[in-house]
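Q: Could you take me through one part of this model in some detail? I'd like to look at the aromatic rings and what sits around them.

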Amino acid sequence: MHITPEIEERLQRLQDKYEAMGQDMTSYLDGLLHADFLTYWDYIHLDTLLSLQSPKTPFPDEEIFIIYHQITELYFKLVLHECRQIANHATLNAAFFTSRLKRINSYFEALTQSFGIMVDGMEKEQFLQFRMSLLPASGFQSGQYRMIEIYATDFINLVAKDKREELRNAPMADQFEYIYWKFGATELSTGKKTLTLKQFEKKYAKTFIELGEACVANNFNALLSQLKTWGEDTGGLEDELRRFDVLVNVNWPLAHYKSAVRYLNREPEEIKATGGTNWQKYLPPRFQKRIFYPSLWTPEQVENWGKAWVDEVLNG
Ligand code: HEM
């Protein structure tokens, strides 16, 4: 074999690398001789991935339900991956923030577009039966979804509207007691916390409070203010933040709400959700009026948050 200067240069670099760690390069080259080639299926752990669906019932459509939830959680993982890159950036500027936020928005766009798989992609009669085997589990218990919200805005914006002024300067743990979603998870009949909520809090309360504390100065809202203080041009960033706000707080929730209407709406009385919530009063964005960036909207836009869309979902 002809040892070209390119090969020699690489051998030299390898030699340097191993020598620095007190290792013998030739032994490692022997190892390469025996090593298998990497395969696609090993690289992405395909067999493990495809073994993670365990339906609780024999209804074939339950598998669709499980897989679509898993797909959504993987997208949420992608979103959080970008949230961390933004929040932990040592020298953040508007350009980097905007580029990463565009990625996040494309993930939520994909999730919103694909939600029809849930709305039209399962037989209602199968769904209404297999869901009874999943009690009291609910998508409400998605920890990643709540973490995205904590990265997105000041924690106080996630507190129930009527408690915000009172708790503005309160410790994070006190604010957490009044986080908006707790009110969605009260039992219809007794007004008590649902088991769904109790279990969720047991697993995640500490994580959420700690993340809230860690994000005081570097949630997206705080970071936007900081960049403005530094005199950065944040026009493009604000456009993406508005898109993000609508995607997470109106478009995705409405696509999701449409699935609840399709499967759980039964006149004259709605069917109880697995989490036991009063979902018709809780889920519509125009009632929740969750807004990450109130200062980026006009009072009229805030007033009409989610309205046009809700009418379309309910009457369409
Ligand atoms: C047929 C499909 C679905 C139906 C009928 C449905 C129904 C519901 C209902 C009724 C609630 C209110 C809480 C409860 O009582 O359980 C809820 C909450 C929630 N679900 Fe779903 N869901 C569906 C699919 C999904 C999927 C695929 C995800 C993805 C992870 C998801 C994530 C969530 C989240 C994050 C909440 C909390 C929303 C909030 O607090 O505003 N759901 N769902």
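A: Sure, and keep in mind that this is a predicted model. Let's start with a charge over a ring: Lys-163 lies over the face of Tyr-178, 4.6 Å from the ring centre. There's another case at Tyr-204, where the charged end of Lys-203 sits over the ring at 5.2 Å from its centre.

Now for rings against rings. The count comes to 29 aromatic pairs. Take Phe-76 and Trp-252: their planes are at 65°, over the 60 degrees needed, and their centres are 6.3 Å apart, so this pair is edge-to-face. It bridges distant parts of the chain, with Phe-76 in helix α5 (residues 61-87) and Trp-252 in helix α14, 176 residues apart. Phe-76 counts as buried because its relative accessibility is 2%, and Trp-252 is buried too, at 10%.

Trp-181 and Phe-208 make another edge-to-face pair, with 5.9 Å centre to centre and 75° between the planes. Here Trp-181 comes from the loop between α11 (172-177) and α12 (195-214), while Phe-208 belongs to helix α12, 27 residues away. Trp-181 is buried at 1% relative accessibility, and Phe-208 is buried with a relative accessible area of 1%.

Back to Phe-76 and Trp-252: ring pairs link them into a cluster whose members include Tyr-68, Phe-97, Phe-108, Tyr-145 and Phe-244.

One more thing about helix α14 (residues 235-264): it also holds His-256. The NE2 atom of His-256 is the only protein donor of the ligand's iron atom, at 2.1 Å.

Technical notes: Residues are numbered from 1 along each chain as its sequence is written. This is a predicted model: local features need pLDDT of at least 70, side-chain atom pairs count only at pLDDT 80 or more; totals for chains, interfaces and linings use all residues. Side-chain values use heavy atoms; hydrogens and water are left out. Donors are N, O and S atoms within 2.8 Å of the metal (3.2 Å for Na, K and Ca); water is not among the atoms, so sites may look incomplete. Helices (H or I, at least four residues) and strands (E, at least two) are DSSP runs, numbered from the N terminus. Rings of Phe, Tyr and Trp (its six-membered ring) pair if their centres lie within 6.5 Å; planes under 30 degrees apart count as stacked, over 60 as edge-to-face and the rest as tilted. Buried means under 20% relative accessible area, exposed over 50%, partly exposed in between (1.4 Å probe, protein chains only). A charge sits over a ring if NZ of Lys or CZ of Arg is within 6 Å of the ring centre and within 35 degrees of the ring normal.
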